[in-house]
Amino acid sequence: QSENSDKSSAESDSETEVEQVSVYHKLLATLKTSPESESEEEEDESESEAAGESETETDSEGSQETGEAHGSEEDKNDVPDQEEATDTAEQTLGPEQADGADTSCDPSHGVIEEFTDVKHESEFSLETNFMEEEIGDCNADKRDSNSSQAFSEDPFKQHMDKELEEKEVEKMSTLLKTSSQSKWPRLGQLTFSSTLEKHKTLKADREVDVKQLYLHKPLESTWPKVNKQFLSSVNKPSDPSFTPLQRELFCIMNTYRDLFYPERNALTNGEEIRHAYCLHALNHVLKANAQVLSNNARRRDQKPGTDNDDYRDQGLTRPKVLMIVPFRECALRIVHIFISLLEVNDKRKIDVSNKKRFKGEFGSDPEEKPPNLKRPEDYEAIFAGNIDDHFRIGVAILQKSMRLYAPFYSSDIIIASPLGMRTIIGAEGEKKRDFDFLSSVEILIIDQADIYLMQNWEHVLHLMKHINLLPLDSHGVDFSRVRTLNLNNWSKYYRQTLLFSALQDPQINSVFNKHCFNYVGQVAVRNVPLSGSISHVVVQLPHVFRRLEAENLTSVIDARFQFFIDKVLPEYRDAIMSHTLIYVPSYFDYVRLRNYFKKEELNFTHICEYTKKAGVCRARRFFLKGEKQFLLFTERFHFYKRYTIKGIRNLIFYELPTYSHFYSEICNMMKATDNGVDATWTCTVLYSKYDAQKLAAVVGIDRTAQMLQSKKNVHLFVTGEN
């Protein structure tokens with residue numbers, strides 16, 4: 001039961017059970033993931049409000065994620081004990097759906113039985129359909145002698161038809177990757193890495209002719225129209241189809257290399273990128289299916305008794321593309337892009353089954369959102385539309401038709417959230433769990449990876465451990481049609497992973513470095529920030545960066561805590577240092593600090609992502625009036641709410657923020673302190689040598705290099721935008 005994760009003995013000051021890293025990961029499973037809809041304008045909140053309980057916010061936070069609808073007080077649900085944090089999908093994520101092969105959850109509070117489209121099964125079957133003449137003339141599937149050269153040069157064919165040798169696979173499992181650097185006009189600094197013999201470094205195409213990209217029909221004609229919204233008049237007439245960013249990204253995608261792009265921005269380039277990877281995914285699926293249908297016709301026409309090994313054209317299961325996105329709105333946009341790319345013109349609409357149901361479950365009502373909310377632009381862009389994060393849907397595409405809510409084993413593309421995947425994959429020992437459908441995934445797209453750090457990164461890791469494994473059941477596959485690579489259990493060496501994030505982070509880097517085995521190699525964009533977000537701090541404020549020492553990465557957590565209570569906290573215990581906000585990115589650290597503050601009987605209040613609206617209002621009021629000296633404040637609360645906290649005079653960043661722009665946002669909250677005296681404001685930041693990436697994003701690469709070389713504290717004084 002999901003209630004289990006809400007019952008605990010958090011009031012206890014004991015740290016022994018809660019402060020285990022493994023428990024911390026389980027604990028995050030019930031993280032709220034939808035910003036609450038307030039009917040009150042938070043920024044105009046009056047200082048003289050009588051009581052937090054009388055505020056008119058309507059708290060819908062957590063209503064869209066299983067396990068959080070109960071909304072118990074923070075202290076009762078943020079420190080589950082060891083027993084309650086056992087790793088089962090049922091406990092950490094709410095009840096698992098009954099039908100393991102299906103795709104959709106009710107966007108409201110309760111979970112209904114999942115809907116599967118059964119009636120279109122034969123219509124979308126790859127086994128019983130044949131290539132239509134009209135589609136069959138695609139250059140990627142012509143078998144006549146005139147097109148044999150173009151056919152062999154198609155990147156799809158080159159990638160999937162290459163037969164690896166045992167010694168090459170052994171090489172990839174044991175040897176380190178060799179890497180080389182290259183600078184591209186738009187993407188910047190790229191790192192190419194591969195285990196097999198050094199491939200020639202890819203050059204950026206200055207111009208791209210759509211006809212040379214081996215796009216399957218009808219994409220060659222529909223892509224320029226669909227992508228028109230992103231193109232400016234600056235685009236060269238010779239390159240009318242791609243923006244400079246899309247051109248370089250697609251150039252890499254089309255070679256089937258893995259790609260990590262950590263500069264995705266929901267405000268600026270997010271939709272450009274989404275269109276580019278949708279084009280690549282759809283192109284791959286259309287080619288793969290066309291090959292199967294074409295071979296169906298050839299097999300039908302061959303003489304009885306002829307045994308031919310040329311027809312190995314599919315995996316052990318049908319799903320070829322897995323797209324991981326954070327919210328239902330993202331899935332809605334992807335499906336709309338697919339439909340647009342498949343419709344040649346207004347007269348030739350494609351048949352989309354269950355479209356109305358899909359719009360109802362993945363769309364959003366504009367009236368649901370109060371019009372008077374003021375939030376940063378990036379917040380509005382990230383949390384647009386339906387932000388439920390528990391969903392999965394199968395999509396089957398066959399020639400001129402699309403089937404939504406296809407059972408997974410009849411799907412070509414699966415679009416899901418990490419939580420949606422987690423609840424179907426399940427955990428060891430559970431009866432109802434399924435991950436065979438992930439066995440033959442050829443393209444894995446993880447978009448907006450940074451948001452999963454704010455949800456539950458464990459779900460992403462859990463998925464990566466269950467992808468491209470040999471299936472436990474045959475699922476009716478015709479083994480005479482299965483590629484040798486799949487039979488050899490080498491699928492992971494052929495899988496292309498496309499990873500998009502708004503930032504570089506060690507956990508995201510780790511997935512790219514440790515879970516991507518593509519034989520063609522990897523490409524990572526590695527640009528360094530020159531200025532840093534500190535330049536956007538508009539209040540005059542002395543920034544003191546205090547370096548702590550740690551022997552290794554695992555000891556940093558304890559070293560930071562010890563450094564804080566021994567060196568930093570004593571300086572702030574004096575009553576003159578009131579109005580001190582302590583910004584804590586890690587929920588685990590927050591729980592540890594809260595327990596310590598209680599034990600020491602310090603005058604403090606606290607706000608985290610689990611705090612109910614009344615508790616938040618109380619804490620803000622106490623802090624503003626100086627009735628509480630300290631305010632413990634989590635990063636996830638800021639990510640999902642973006643409230644302005646008034647009354648800050650002293651700031652402590654217990655750790656550098658995950659999102660660099662949060663640094664300037666939190667510092668600039670001091671503007672809201674009307675009766676503050678500038679000269680007394682302080683800002684202290686704790687960092688170690690293991691925080692190099694986060695530090696560079698805040699202070700810039702040059703200062704970071706100096707700070708990491710020096711063992712002394714660094715004092716920076718920022719005056720406005722400089």
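Are Asp447 and Arg264 buried or exposed? Both are buried in this predicted model.

**Salt bridges**

The count of salt bridges comes to 24. One of them joins Asp447 to Arg264, with the closest N and O atoms 2.8 Å apart. Asp447 sits in the loop between E9 and helix H15 (449–454), and Arg264 in the loop between strand E3 (258–261) and helix H10 (270–301), so the pair ties together parts 183 residues apart in sequence. The table lists this pair with two others.

| Pair | N to O distance | Citation |
|---|---|---|
| Asp447 and Arg264 | 2.8 Å | closest N and O atoms |
| Lys320 and Asp412 | 2.8 Å | side chains meet |
| Asp388 and Arg328 | 2.7 Å | side chains meet |

Asp388 lies in the loop between helix H13 (377–382) and E6, while Arg328 belongs to helix H11 (residues 328–342), so this pair links parts 60 residues apart in sequence. Asp388 and Arg328 are both buried. Shared partners join Arg264, Glu271, Arg274, Glu329, Arg333 and Asp447 into one salt-bridge network.

Lys320 is buried, with a relative accessible area of 7%. Asp412 also counts as buried, at 0% relative accessibility.

**Around Ser440**

Ser440 is found in the loop between helix H14 (418–425) and strand E9 (443–446). Its relative accessibility is 1%, so Ser440 counts as buried. A polar atom of the Ser440 side chain lies 2.8 Å from the backbone nitrogen of Leu316. The same side chain reaches the backbone nitrogen of Thr317 at 3.4 Å. Beyond its neighbours within four places in sequence, Ser440 contacts residues including Gly315, Pro319, Lys320, Asn468 and Asn486.

**The sheet**

An open sheet of 11 strands runs in the order E1-E2-E11-E3-E10-E9-E4-E8-E6-E7-E5, with mixed pairing. Strand E1 (178–184) and strand E5 (351–353) are its edges, and each pairs on one side only. Neighbouring strands are turned by 15 degrees against each other on average, direction ignored. Strands E6 (residues 392–398) and E7 (residues 401–404) pair in the antiparallel sense over 4 bridges. Ile397 has Met402 in E7 as its bridge partner.

**Helix H21**

Helix H21 (residues 587–599) has 13 residues. From first C-alpha to last, H21 reaches 18 Å, close to the 18 Å expected at 1.5 Å a residue. Of its 13 residues, 12 are buried, so H21 is largely enclosed by the rest of the structure. Among the buried residues are Tyr587, Asp589, Arg592, Arg594 and Lys598. At the start of H21, a side-chain oxygen of Ser586 comes within 3.2 Å of the backbone nitrogen of Phe588. Just after H21, Glu601 takes a positive phi of about 55 degrees.

Terms used:
Residues are numbered from 1 along each chain as its sequence is written. This is a predicted model: local features need pLDDT of at least 70, side-chain atom pairs count only at pLDDT 80 or more; totals for chains, interfaces and linings use all residues. Side-chain values use heavy atoms; hydrogens and water are left out. Helices (H or I, at least four residues) and strands (E, at least two) are DSSP runs, numbered from the N terminus. The expected span of a helix is 1.5 Å times one less than its number of residues. Buried means under 20% relative accessible area, exposed over 50%, partly exposed in between (1.4 Å probe, protein chains only). A polar contact is a pair of N or O atoms within 3.5 Å; within protein, one must be able to donate a hydrogen and the other to accept it, and residues adjacent in sequence count only if both atoms are side-chain atoms. Contact means heavy atoms within 4.5 Å. Two strands pair if DSSP finds at least two bridges between them. Axes are lines fitted to C-alpha atoms, for helices over the stretch in contact, and angles run from 0 to 180 degrees between N-to-C directions. A salt bridge is a side-chain nitrogen of Lys or Arg within 4 Å of a carboxyl oxygen of Asp or Glu.
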